[in-house]
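Reader: I should like to learn how the features of a protein model are read from its atoms. Please begin with the overall picture and then proceed to individual residues.

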Amino acid sequence: MRIRFSASRAIATSVVLLAVLTPSLTATAATTLPTTTTTLAPATTTTVASTTTTLAPTTTTTTTTPTTTTTAATSSSSASTWAWILGGIAVLALIAAAVAALIGASRRKQATDTWIPSARAGLETASLARTLLLAQPTGGDEQVNQVRAQAEDAARTLDRSAANAPDEQSRQATSSVAEGLRGVVFALEAERLLRSGVRPPTAAQLAEADVARRRRAGELDASLAQLDAFTRPPAR
């Protein structure tokens with residue numbers, strides 16, 4: 001109740017104030033303000049003169065430095081150097097080959113001088129054994145065995161000489177005599193067994209044995225002649 005009374009009172013007070021202020025606001029609105037005229041100065045136009053700048057043409061100067069080519073001279077010098085190097089190597093190779101040849105010749109001569117006496121001794125023993133073998137010893141089996149043992153000793157001596165031969169030709173010549181001696185001994189032994197068999201040999205068998213013995217003897221003679229040529233002292 002009290003609240004409603006206060007609100008009514010407030011509304012009444014507002015109406016009274018509005019009635020008092022309304023004439024003053026109306027009078028103020030009716031007052032005419034004086035008119036003020038402002039004259040502006042005429043606009044000034046400023047023209048800026050355009051300036052054209054012309055650039056001077058740029059001059060480019062190219063300086064060429066002469067180049068000296070030394071390729072030909074360098075190549076020539078390099079080729080000359082290599083020529084000297086290759087020439088030096090060739091000379092050294094020739095000198096080395098000559099020295100090697102001299103050393104080889106000296107060694108071969110020394111080996112030959114050492115080999116000849118032993119090969120000559122074996123040749124003489126083989127020649128004697130050949131003579132005794134082909135002479136058909138008549139002293140019985142004991143003498144035959146002695147001759148064959150002598151031939152085998154000669155063959156072994158020649159084997160040792162062949163191992164120390166200074167070259168291949170000398171080795172083959174020495175070995176051929178040793179093989180020839182053993183071949184003759186084999187042929188003689190085969191003929192002896194044929195003759196001493198239970199059945200007497202036929203004429204064809206004896207002829208065949210004789211041919212074999214002669215062939216072996218011929219091979220031995222050729223080998224002896226060849227070894228004699230290799231071991232013969234040089235004529236003075």
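Author: The dialogue below takes up the fold, the helices, the salt bridges, burial and the surface in turn. This is a predicted model, in which local features need pLDDT of at least 70 and side-chain atom pairs count only at pLDDT 80 or more, while totals for chains, interfaces and linings use all residues. Residues are numbered from 1 along each chain as its sequence is written, and side-chain values use heavy atoms, with hydrogens and water left out.

Reader: How many helices and strands does the chain have?

Author: Helices (H or I, at least four residues) and strands (E, at least two) are DSSP runs, numbered from the N terminus. On that basis the chain has five helices and zero strands, in the order α-α-α-α-α from the N terminus on.

Reader: What share of the contacts between residues at least 6 apart joins residues at least 24 apart?

Author: Contact means heavy atoms within 4.5 Å. Among contacts in the chain between residues at least 6 apart in sequence, 73% join residues at least 24 apart.

Reader: How does the length of α4 compare with the expected span?

Author: The expected span of a helix is 1.5 Å times one less than its number of residues. For the 28 residues of α4 the expectation is 40 Å, and the end C-alpha atoms are 41 Å apart, which agrees. Helix α5, with 29 residues, reaches 42 Å from its first C-alpha to its last, close to the 42 Å expected.

Reader: Which polar pair is found at the start of α4?

Author: A polar contact is a pair of N or O atoms within 3.5 Å; within protein, one must be able to donate a hydrogen and the other to accept it, and residues adjacent in sequence count only if both atoms are side-chain atoms. At the start of α4, a side-chain oxygen of Asp167 comes to within 3.3 Å of the backbone nitrogen of Gln169.

Reader: How many salt bridges are found in the whole structure?

Author: Side chains of opposite charge can pair when their charged atoms come close. A salt bridge is a side-chain nitrogen of Lys or Arg within 4 Å of a carboxyl oxygen of Asp or Glu. The search of the whole structure finds 13 salt bridges. One of them joins Glu152 and Arg182, at 3.4 Å from N to O. This pair links distant parts of the chain, since Glu152 is in helix α3 (residues 141-163) and Arg182 in helix α4 (residues 168-195), 30 residues apart.

Reader: Why are Arg192 and Glu189 separated by about one helical turn?

Author: An α-helix has 3.6 residues a turn, so residues three or four places apart point the same way. Arg192 and Glu189 are three residues apart in helix α4, and therefore about one helical turn separates them. Their side chains meet in a salt bridge of 2.7 Å, N to O. A further salt bridge, of 2.3 Å from N to O, is formed by Asp228 and Arg232. Salt bridges that share partners also join Glu191, Arg195, Asp210, Arg213 and Arg214 into one network.

Reader: Are the residues of these pairs buried or exposed?

Author: Buried means under 20% relative accessible area, exposed over 50%, and partly exposed in between (1.4 Å probe, protein chains only). Glu152 is partly exposed at 27%, as is Arg182 at 31%. Arg192 is partly exposed at 33%, and Glu189 is partly exposed at 21%. Asp228, at 18%, counts as buried.

Reader: Which residues of α5 are buried?

Author: Of the 236 residues of the chain, 18% count as buried. In α5 the buried residues are Ala209, Arg213, Ala217, Leu220, Ser223, Leu224, Leu227, Asp228 and Thr231.

Reader: What surrounds Ser223?

Author: Ser223 is found in helix α5 (residues 203-231) and is buried at 10% relative accessibility. Leaving aside neighbours within four places in sequence, Ser223 is in contact with Ala173, Ser176 and Val177. A polar atom of the Ser223 side chain lies 3.5 Å from the backbone oxygen of Ser176. Ser161, in helix α3, is buried at 3%. With the neighbours within four places again left aside, Ser161 is in contact with Trp115, Ser118, Ala119 and Thr174.

Reader: Which residues make the nonpolar surface patch?

Author: Patches are made of residues with over 30% relative accessible area and no salt bridge; like charges are joined within 9 Å, and nonpolar side chains (Val, Leu, Ile, Met, Phe, Trp, Tyr) within 5 Å. Accessible areas come from the Shrake-Rupley method with a 1.4 Å probe, and for residues only the protein chains shown count as cover. Val91, Leu92, Ile95, Val99 and Ile103 make a nonpolar surface patch of about 440 Å². Val99 lies in helix α2 (residues 71-134) and is partly exposed at 42%. The chain exposes about 18,400 Å², of which carbon and sulfur atoms supply 61%.
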